[in-house]
Structures are given as C-alpha cells and as structure tokens.
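Biologist: Before we discuss the assignments, please show the sequence and the structure.

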Amino acid sequence: MINNIKKATQDKMEKTLEHLKKEFNKIRTGRAQAGILDDIKVDYYGQTMPITQLATVNIPEPRMIIIQPWDSSAISAIEKAILKSELGINPNNDGKVIRLVIPPLNEERRKELVKFSKKIAEENKVAIRNERRDAIEKIKSEEKNKTISEDDSKRLQKEIQDLTDSYVKKIDELLALKEKEIMEV
C-alpha cells in the first residue's frame, strides 16, 4: 500500500511534467520547431487528422519548416488548417510542398512569451503540489485507519515532499531553458 501511493504520485507528477513539455513545444520561438504543428488538425476527406499523418515535416533551416504531403491533393487542406490555426504564419505553397518561414520575434513579443511560459510553469507546479496534497491525505488516512505506522507515515510524507521538490526543480529547469530559447536572437 505504501509503495502504491508513492508510485501513483510519481506517475502523476511525471505525466504533469510531460504535459508541460508538450505545452512548451507549442510556444513559438524565433526558431523552427515541428512541435508547433502538433495541435493543428486537417480536415481531409471528411476526417480530422494531424498534419504528421498526412505529410513529412522537415526543418532544413533554423527558421523554416517544410511540409511535404504524401498526397498532393492534401496541400490545400493543410494550408487552410495552418491559416485557421493561431500560429500567425502564412504558408507558402508551390504545389508540391508547403513552406513555413518563421519570422523573428521582436523584443516585446519575446517578453510576452516568457511571461506566458512562466504562467504555464506555475500552473504545472500547482498541479504537482495538488498531487502531493492528495498523496499526503491518503497517507494520513492510512495512518488513521492503522494500516501503516506513524513512523512509516512520517517517512512516506517526507519521501512525497522530496519527490515534489524534485519535480518542481525539473519544472524550473525546463522554464529556464525555454526562457533562454525565447530570448535568443
């Protein structure tokens, strides 16, 4: 039972960290990243599909993404989906491939993106702390029901706190990397 609580809490914290990584990948910096296309869905023959299921995505240069559909009839659908998305990038279509040129960010936009990144990181820290709270409540409940000893309860609560601290530190490290990436000219 004791290990189940710790393992479940660690799994939840790991999922929170993975979620944060996905959120950070969506934030457009001045560099080309295939991750910015992850949430764009294309309406293709009546089905909604991610771009990666319809095309090959390459990054030949730091500020360019090339999307090469396997079926050339999908080009216009992919182009429409990109235009409808909130990327703020105009696709260039030559009939065979779509080129996305990533414009450099101005200083004001960089600061906005850093602020947004901090907000996302803080939301994920709150999620980690909520997972810690839930785990500690379960531990105290087990102690109250006499299924674990007071010593085990204290030890496990400390382990959960240490786990929480390590995940909060990981979030801070990811945020620092993202800030550096955004502020890079």
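Modeller: Buried means under 20% relative accessible area, exposed over 50%, and partly exposed in between, with a 1.4 Å probe and protein chains only. The model is predicted: local features need pLDDT of at least 70, side-chain atom pairs count only at pLDDT 80 or more, and totals for chains, interfaces and linings use all residues. Residues are numbered from 1 along each chain as its sequence is written, and side-chain values use heavy atoms, with hydrogens and water left out.

Biologist: Which residues of H4 are called buried?

Modeller: Among them are Leu-156, Ile-160, Tyr-167, Ile-171 and Lys-178. H4 is a helix by the DSSP rule (H or I runs of at least four residues; strands are E runs of at least two, and numbering starts at the N terminus).

Biologist: What makes the span of helix H4 agree with its number of residues?

Modeller: The expected span is 1.5 Å times one less than the number of residues. For the 34 residues of H4 (150-183) this gives 50 Å, and the end C-alpha atoms are 49 Å apart, so the two agree. Helix H3 (107-144), with 38 residues, should span 56 Å; its end C-alpha atoms lie 55 Å apart, which also agrees.

Biologist: Why is strand S4 called largely enclosed?

Modeller: Five of the six residues of S4 (64-69) are buried, so the rest of the structure largely encloses this strand.

Biologist: How do you know that S3 and S4 pair?

Modeller: Pairing requires that DSSP find at least two bridges between two strands. S3 (residues 55-61) and S4 have five, in the antiparallel sense, with Asn-58 opposite Ile-66. S4 also has four bridges to S6 (residues 98-101), again antiparallel; there, Ile-67 is partnered by Ile-98.
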